[in-house]
Amino acid sequence: MPIFDNPSLQLYTLRDALSADFAGTMERVAAIGYRQVEPYNFVANVDELETAFASTGLVAPSTHVGLLAIEDQRPVFEAAVRLGIGIVIDPHVDRARWTTAADIAETAEQLNRAAKIGAEFGITVGYHNHHFELENRIDDRFALDLLVDALDPAVILEIDTYWAQVGGADPVELLTRLGQRVVAIHIKDGDGTLDTKAQVAVGSGSLPIEAIITAAPSSVIGVVELDDTSGDVFEAITDSYTYLTGKASA
């Protein structure tokens, strides 16, 4: 039985390879067996992505872009529609803005406004955590929880389970408690520290991967990612795919 049947791949994992050979790297991703990817900063290479999707059959159900830092967000949503992407996720709000309830409320309001614009294009807006949204506590609650309280229900969450654990949360408890608010998760593994070079193939590190996936909603988009690694990154994403799906690389 597969642990997760159809994983996506965060393309930031392969940023160096994509920079050197975009088309060839996307072909290699498809050859491993991946059928879904999660682009980053995708508006800058929308043409290359469109060509790659057409040639490989890869699709992108979700994408990352620094949405809240963009004054006019409509071109982002237009590009997402062009590529068939239904979920646009802001992957990072500066850690300095997670220390007060007022700052968190303002971030929530920015996401809520972005979601209203996205809805005009049929696009869902979401937020992706790092460690500091869990590391920072306000009245003994995770800063991330304050964000969730203030978000419009239309705004979804992508929980990076690795960074949640680094921040001091139990990712299984977090996913169980947040429930259907979580539409996507980042599945990554390593030693559970801030050292990104210590990240490894899914199933080769210290995180309880099977329990994490069991705790997530059944319809969740599961996205493999390595922020970095000391080993071969293509070997790591191949081993991650094999571990999750039970299928050898194509």
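**Helix 7.** I started with helix 7, residues 143-150, in this predicted model. I wanted to know how many of its 8 residues are buried. The count came to 6, so helix 7 is largely enclosed by the rest of the structure. I then listed the buried ones by name: Ala143, Leu144, Asp145, Leu146, Leu147 and Val148. I took buried to mean under 20% relative accessible area.

**The sheet.** Next I traced the strand order. I found 8 strands in an open sheet, and they run 2-1-10-9-8-5-4-3 with parallel pairing. Which strands sit at the edges? I noted strand 2 (36-38) and strand 3 (62-64), each of which pairs on one side only. From one strand to the next, I read an average twist of 30°.

**Strands 8 and 9.** I picked one pair from the sheet for a closer look. Strand 8 covers residues 156-160 and strand 9 covers residues 182-187. The two run parallel, and I see 4 bridges joining them. To fix the register in my mind, I looked up what stands opposite Glu158, and in strand 9 that is Ala184.

**The largest pocket.** Last, I turned to the pockets. For the largest one I have a volume of about 200 Å³. Which of its 16 lining residues come closest to the centre? My list reads Tyr12, His64, Pro91, His130 and Glu225. I also sorted the lining of this pocket by character, and I got 5 nonpolar, 7 polar and 4 charged residues. One happy cross-reference for my notes: His64 from that central group also falls within edge strand 3 (62-64).

Technical notes: Residues numbered from 1 in each chain as written. Predicted model: local features only at pLDDT ≥ 70, side-chain atom pairs only at ≥ 80, totals over all residues. Heavy atoms only, no water. Pairing = 2+ DSSP bridges. Axes fitted to C-alpha atoms, helices over the stretch in contact; angles between N-to-C directions. Buried < 20%, exposed > 50% of the residue type's maximum accessible area, 1.4 Å probe, protein only. 1 Å grid on protein atoms, 1.4 Å probe; cavity = no way out; pocket = protein on both sides within 12 Å on 5 of 7 lines; lining within 4 Å. Points joined across faces, edges and corners; volume = space filled by probe spheres on them. Nonpolar A, V, L, I, M, F, W, Y, C, P; charged D, E, K, R; others polar.
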